[in-house]
Amino acid sequence: MIPVSDQSKREVLDAYRFHGTLLSMNPYGNGHINDTFLLVFDMYRMGRLKVILQRINTDVFQKPQELMENIIGVTTFLQKKIQEAGGDSSRETLTLIPTAGGELFYVDTQGGYWRAYQFITDSVCYERVEKTGYFFESARLFGIFQRQLSDYPIASLHEIIPDFHNTQVRYEQFQKALKEDVCGRAQTVSSEIRDAIAYANLCEIFPPLIASGELPLRVTHNDTKLNNLMFDNQSGKGLCIMDLDTVMPGLLAYDFGDAIRFGANTAAEDETDLSRVSLDLRLYEAYAKGFVEGCGSVMTERERELLPEGALVMTYECGLRFLTDYLQGDTYFKTSYPTHNLDRCRTQFALLADMADKLPAMRSF
Ligand code: ADP
Ligand code: GN1
Ligand code: MG
């Protein structure tokens with residue numbers, strides 16, 4: 001993606017014609033994909049108002065109109081459900097802000113796609129699990145999200161990134177990147193390549209279960225990192241699920257597994273001291289309880305049994321994706337330094353090795 005230019009910023013601000021005086025517009029959050037900005041406005045006697053403005057990553061999301069159709073569909077559906085349940089839909093789900101012309105996204109003259117969301121007020125987003133109770137809460141909320149979307153018209157969703165969690169396809173993409181080795185990096189990552197090959201049998205777990213109908217495809221989030229949800233400041237309860245770009249048909253095990261991969265790791269996703277990386281079984285158990293409780297009767301017995309496998313497969317797949325991106329010259333994930341993707345890959349494979357040892361314990365919960 002080309003960097004966001006001042007010209008684009010001016011255009012998008014013109015298009016939205018937000019009320020109030022703009023006090024600041026700064027890059028915000030730690031997402032790996034979109035360009036996110038926090039805008040703060042002085043609303044005269046009414047204090048300050050925050051807005052999230054995002055430029056969609058169109059290298060990753062090549063059909064941004066379809067992406068926005070999904071998001072409009074899902075947020076409208078959730079708003080209705082939340083209101084019917086007596087909730088506050090402006091805090092419990094995302095609300096798109098229209099442009100002055102009434103559109104829910106804006107295309108600048110450089111072809112950049114922009115959208116604006118109301119900032120979720122009185123809430124906090126965590127990059128790491130600070131208390132076990134928060135992790136339980138995040139799981140419960142992702143489970144409730146599942147339940148809320150259980151009657152969403154699945155066929156109306158565009159498959160925004162085909163094969164997003166098709167680990168077999170991710171493996172093929174890794175093999176292709178390895179063969180092409182466009183940056184000449186393959187020779188420096190032989191140990192990671194060995195790991196990628198050694199765990200490749202994980203690719204085979206889910207496809208037959210989907211094909212046989214043993215596991216149903218549901219409307220899943222597919223990117224359930226802890227920093228994709230907000231907690232209420234006052235109660236500490238899970239409040240709002242964000243980053244709806246990858247809402248697509250998927251498995252419950254994917255949503256469960258990706259959250260474990262990120263949140264139940266005793267170290268950060270890009271930790272360089274691998275001795276600090278492991279699966280925290282207490283956090284695993286808390287998440288499993290919260291997710292089962294949140295999903296309620298939506299989750300089948302077979303889906304529950306296969307949650308631990310979801311954690312292994314999602315961790316493996318993410319490691320593969322970081323390695324593939326490293327081999328391809330860091331074109332997909334945002335990185336802060338040259339070996340960032342490699343460091344991320346290493347943590348995922350280290351975590352995976354620990355998960356493989358702890359699989360019996362994970363299954364016992
Ligand atoms: P990415 O796809 O790049 O991960 P996200 O949609 O997850 O982008 O946004 C990045 C970060 O911005 C989130 O982790 C969160 O901290 C913050 N954020 C996004 N939307 C909102 C919102 N409506 N209110 C408050 N914070 C938000
Ligand atoms: C990306 O957008 P973000 O930072 O929430 C990625 C996820 C990965 C994750 C790894 C659309 O999530 O699939 O699991 O990075 N999102 C996309 O941290 O590829
Ligand atoms: Mg995100």
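Contact here means heavy atoms within 4.5 Å, and the model shown in every view below is a predicted one.

**View 1. Helix α1 and the elements against which its buried residues pack.** Helix α1 comprises residues 6-16, and its buried residues are Ser8, Glu11, Val12, Ala15 and Tyr16. Seen down the axis of α1, these buried residues fall within an arc of 125 degrees, so they line one face of the helix. The packing partners of that buried set are β3 (48-55), β4 (96-97), β5 (106-107) and β6 (113-118). On the face of α1 turned away from the buried side are the exposed residues Asp6, Arg10 and Asp14. Just after α1, arginine 17 adopts a positive phi of about 40 degrees.

**View 2. Phenylalanine 37 in strand β2.** Strand β2 spans residues 35-42 and includes phenylalanine 37, which has a relative accessibility of 6% and therefore counts as buried, the limit being under 20%. When neighbours within four places in sequence are left aside, phenylalanine 37 is in contact with Val4, Lys9, Met25, Asn26, Pro27, Tyr28, Val51, Ile52, Leu53 and Trp114. Tyrosine 113 lies 76 residues from phenylalanine 37 along the chain, and the C-alpha atoms of these two residues are separated by 14 Å.

**View 3. Helix α4 and its surroundings.** Helix α4 covers residues 132-148, and its 17 residues should span 24 Å at 1.5 Å a residue, which agrees with the 24 Å between its end C-alpha atoms. The buried residues of α4 are Tyr134, Phe135, Glu137, Ser138, Ala139, Arg140, Leu141, Phe142, Gly143, Phe145 and Gln146. Among the elements that cover these buried residues are α2 (64-84), α8 (252-263) and α9 (281-295), together with the strands β8, β9 and β10.

**View 4. Coordination of the magnesium ion, ligand 3.** The magnesium ion is coordinated by Asn228 through OD1 and by Asp243 through OD, at 2.1 to 2.2 Å. This pair links distant parts of the chain, 15 residues apart, with asparagine 228 in the loop between β8 (218-220) and β9 (229-232) and aspartate 243 in the loop between β10 (238-241) and β11 (248-250). Asparagine 228 is buried, with a relative accessible area of 5%, whereas aspartate 243 is partly exposed, with a relative accessible area of 26%.

**View 5. The surroundings of ligand 1.** Ligand 1 is surrounded by 19 residues, of which the closest are Asn34, Gln54, Asn227, Asn228 and Asp243. Two of the polar contacts shown involve the protein backbone: an oxygen atom of ligand 1 is 2.9 Å from a polar backbone atom of asparagine 34, and a nitrogen atom of ligand 1 is 3.1 Å from a polar backbone atom of glutamine 118. The side chain of asparagine 228 has an N or O atom 2.9 Å from an oxygen atom of ligand 1, and Asn228 also coordinates the magnesium ion.

**View 6. The surroundings of ligand 2.** Around ligand 2 there are 18 residues, and those that come nearest are His32, Lys225, Glu269, Arg321 and Tyr332. An oxygen atom of ligand 2 is 2.8 Å from an N or O atom in the side chain of lysine 225, and an oxygen atom of ligand 2 is 2.6 Å from an N or O atom in the side chain of glutamate 269. In the side chain of aspartate 243, an N or O atom is 3.0 Å from an oxygen atom of ligand 2, and Asp243 is also a residue that coordinates the magnesium ion.

Methods: Residues are numbered from 1 along each chain as its sequence is written. Chains are lettered from A and ligands numbered from 1 in the order in which they are written. This is a predicted model: local features need pLDDT of at least 70, side-chain atom pairs count only at pLDDT 80 or more; totals for chains, interfaces and linings use all residues. Side-chain values use heavy atoms; hydrogens and water are left out. Buried means under 20% relative accessible area, exposed over 50%, partly exposed in between (1.4 Å probe, protein chains only). Helices (H or I, at least four residues) and strands (E, at least two) are DSSP runs, numbered from the N terminus. The arc is that of the directions from the helix axis to the C-beta atoms. Donors are N, O and S atoms within 2.8 Å of the metal (3.2 Å for Na, K and Ca); water is not among the atoms, so sites may look incomplete. The expected span of a helix is 1.5 Å times one less than its number of residues. A residue is near a molecule or strand if one of its heavy atoms lies within 4 Å of it. A polar contact is a pair of N or O atoms within 3.5 Å; within protein, one must be able to donate a hydrogen and the other to accept it, and residues adjacent in sequence count only if both atoms are side-chain atoms.
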